[in-house]
Structure formats: C-alpha cells, structure tokens
Amino acid sequence: MPRRKDIWQCGLLPHPASRVLAADYAAADIVWFPQEPAFTFLADPFGFDDGNRLHVFAEQYDYRTRHGVIERLTFDRSFTLIDRRLVLEEPWHLSYPQVFQGEGAVWMLPEAHRSGKLTLYRGNDALDRWSPECTIEVDCLPVDASILRHDGRWWLFYSSAESRDTKLGTLHVAWADTLTGRWTPHPGNPVRRGRQSSRPGGTPLVVEGRIMLPTQDCMRTYGGAIRPLWIDRLDETGFSSEAGDAMAIPSGPSGRYEGMHTLSACGAVTLIDVKTIDRSLAGMALDLKRAAGRYARR
C-alpha cells in the first residue's frame, strides 16, 4: 500500500480564540490560504500583528525533500495576502514557529528537535531575519514547545522527543524569570500523559481567568483534532488540568478534513490548520524517486 501523507492547509478566522473555542463561527467565516502545489503544504500557523498588518509564520514542507522551513505570509486588514517569503532555514527540519513579544523584542521559538536542542531566535524590525539568541535547556529534548507569560514568569509547555509515545503522549512544564535565564523543569514532569490531550497544539492563553493550552488529540491519528486543556493549577509544586471536548473540524475547499493540529491566537484573529490524507500511487512513486536520490534538498 502507498505510504500515507498528511497534507495540511491553513485557515484564518476573523474572531478571537475564545469565540472559536465556543464554536461561535460559521465555516464560511474562514479565510483559507491558497492550496499549495502537489505534495507540499503550509502548517503550524502562528500570527503576529504589528498594528498595521498581520504576519503569519508557518512551516513550509515538501515531501520530495522532507525538510521544513519557516515562511512569513503578510496580510493587509482585509486579509489579502500582500507578501510571502522564506525567513528561517536551517540544516535541520523546522516547524511550529510560535512568534511572540516580550522583554523588548520579538521572538520565535520553532520546533527543531532534530537539531538536538531548543533554540530561541530574535527577530529584526522587519521580522524577515531571525538570529539565534540562546538555547533553552530543560529536562528533556522538547517537542512543540509553547510559551506563555503568566503571573510575572515565563511558562513553557512541551512534549519529550525521547520516543514516538512520549512525543504524542506526554506534557512537560518548565518556568523561568527571563527568557534567556535558567529554566526550571516542573518536579511533576511529565505533568500529563496520554495521546488524547498532552502534546501542545498552539498558543497558550488565558480565557476568562483560566489558562488554556491547545493540545493535539492523537488517539486516532497524529493531529487528529484539537482539544483545549484547561489548567486550573500551575505553580512550582503543583499542576492540575482538565481536557475539554475535541473541537469540530470545519469543512473547507477540499471538502471534509481528517484532522486539525494547530489553534493559535493573535488578538482578534485565530489561525488553524486542517489536513487531508493522501494515499495515492503518485505519493508512493514520489517516495521511490526520493529513495533513488532524484530530489535534492534546496
């Protein structure tokens, strides 16, 4: 049988995350990004609003090279795409580029566990160049690290890259007083286990006084759905949480989708991605060509 390939598509909702979590929107509200060429996709969208434009940072991936890079897509106030460019490329795979502001700068914390470390990048004023600032060291090699400023501290949520099971089914927490300072792993790590609601899947935020971490439901398939994880206790000695119901996966240009694994908040806008699964013979032929060295990484 052909090897399956997840093909992701990003969408933008002109509503805050609290409204999206409550399913208070229509499928027609979603502004879908254009379909990418065959066997390529954009995924893991995170937004940054500079006051005039919305910048969306996303993983761009090509199954021919199996190497992810980070692109920036810039939209005007009517959500018309006005610029798109490559902004970060490394020898290793990059994805999940959470972009955030703090301590007088704009930062990116992309997923890069194949590099063997978690690197924090600082952006320039135009947000088109990103320079490594420091390595964040915690109790394991992190996957999909997601950051939140809460009660005067930085909190980091992440899964462990130790094995497939820990990637999909553990949640760890660490904290620091400054971004580049010493990070302290939570003594209860992993604070949560299970493929239903452990791996981070977007922007942590506070909704009506409660911390909400989007998590991936990977019980059926990787990135099968998003579940909000409501965190009721988060401190140096304790952690308690409760997972909400899986969010409905909206329909779109490709009809019915088979998964959703990112929910990222950016003020009045929320970004998502959804997937179809390719099981075609063309996909198998692509794998054979790649194995034969027909495709070189750019």
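**Strand pairing, burial and salt bridges in a predicted model**

Within strand β22, L271 is the bridge partner of L12. This pair is a good place to enter the structure, which is a predicted model. The two strands concerned, β1 (residues 5-13) and β22 (residues 269-278), run antiparallel and are joined by nine bridges. They belong to an open sheet of four strands, arranged in the order β2-β1-β22-β21 with antiparallel pairing. At its edges lie β2 (31-32) and β21 (259-266), each of which pairs on one side only.

Stepping back to the whole protein chain, the fold comprises 22 strands and three helices. The C-alpha trace spans about 50 × 40 × 40 Å along its principal axes. A compact globule of 298 residues would have a radius of gyration near 19 Å, and the 18 Å found for the protein chain agrees with this. Of the 298 residues, 56% count as buried. Contacts that reach far along the sequence are well represented: among those between residues at least 6 apart, 51% join residues at least 24 apart. The accessible surface comes to about 13,000 Å², and carbon and sulfur atoms account for 47% of that area.

A second region worth a visit is built around strand β12 (residues 153-160). Seven of its eight residues are buried, so β12 is largely enclosed by the rest of the structure. On one side of the pairing scheme, β12 runs antiparallel to β11 (residues 142-150), with seven bridges between them. These two strands form a hairpin with two residues between them, and D151 in the turn has a positive phi of about 50°. H150 has R153 of β12 as its bridge partner. Strand β12 also pairs with β13 in the antiparallel sense, here over five bridges, and W154 finds its bridge partner in A176 of β13.

Strand β13 (residues 170-176) also holds A174, a residue that illustrates the packing in this region. With a relative accessible area of 0%, A174 is buried. Its C-alpha atom is separated by 6.8 Å from that of F157, although the two residues are 17 apart along the chain. Beyond its neighbours within four places in sequence, A174 is in contact with V138, W154, W155, L156, Y158, W183, T184, P185 and H186.

A similar look can be taken at Q98, a residue of strand β7 (residues 95-102). Q98 counts as buried because its relative accessibility is 3%. Leaving out residues up to four places away in sequence, the contacts of Q98 include F46, W107, M108 and L109. Also touching Q98 are A145, S146 and I147, together with T203 and P204.

Charged side chains add a further set of links. Side chains of opposite charge can pair when their charged atoms come close. The count of salt bridges comes to 22. One of them joins R84 and E71, with an N to O distance of 2.6 Å. Because R84 lies in strand β6 (residues 81-88) and E71 in strand β5 (residues 67-75), this pair ties together parts that are 13 residues apart in sequence. The partners differ in exposure: R84 is partly exposed at 34% relative accessibility, whereas E71 is buried at 9%.

The hairpin strand β11 returns in another of these pairs. D144 forms a salt bridge with R199, and their closest N and O atoms are 2.9 Å apart. D144 lies in β11 and R199 in strand β16 (residues 199-200), so the pair ties together parts that are 55 residues apart in sequence. Both partners, D144 and R199, are buried. A further salt bridge brings together the side chains of D217 and R227, at 2.8 Å from N to O. Here the link ties together parts that are ten residues apart in sequence, because D217 lies in strand β18 (residues 210-217) and R227 in strand β19 (residues 225-234). D217 and R227 are buried as well. In addition, R72, D83, R85 and D128 are joined into one network by salt bridges that share partners.

The surface offers a contrasting feature. L281, M284 and L288 form a nonpolar patch there, with about 310 Å² of accessible area together. Of these, L288 lies in helix α3 (residues 281-291). L288 counts as exposed because its relative accessible area is 59%, in contrast to A174, which is buried at 0%.

Key
Residues are numbered from 1 along each chain as its sequence is written. This is a predicted model: local features need pLDDT of at least 70, side-chain atom pairs count only at pLDDT 80 or more; totals for chains, interfaces and linings use all residues. Side-chain values use heavy atoms; hydrogens and water are left out. Patches are made of residues with over 30% relative accessible area and no salt bridge: like charges are joined within 9 Å, nonpolar side chains (Val, Leu, Ile, Met, Phe, Trp, Tyr) within 5 Å. Accessible areas come from the Shrake-Rupley method with a 1.4 Å probe; for residues, only the protein chains shown count as cover. A salt bridge is a side-chain nitrogen of Lys or Arg within 4 Å of a carboxyl oxygen of Asp or Glu. Buried means under 20% relative accessible area, exposed over 50%, partly exposed in between (1.4 Å probe, protein chains only). Contact means heavy atoms within 4.5 Å. Two strands pair if DSSP finds at least two bridges between them. The radius of gyration is taken over C-alpha atoms; the globule rule is 2.2 Å times the number of residues to the power 0.38.
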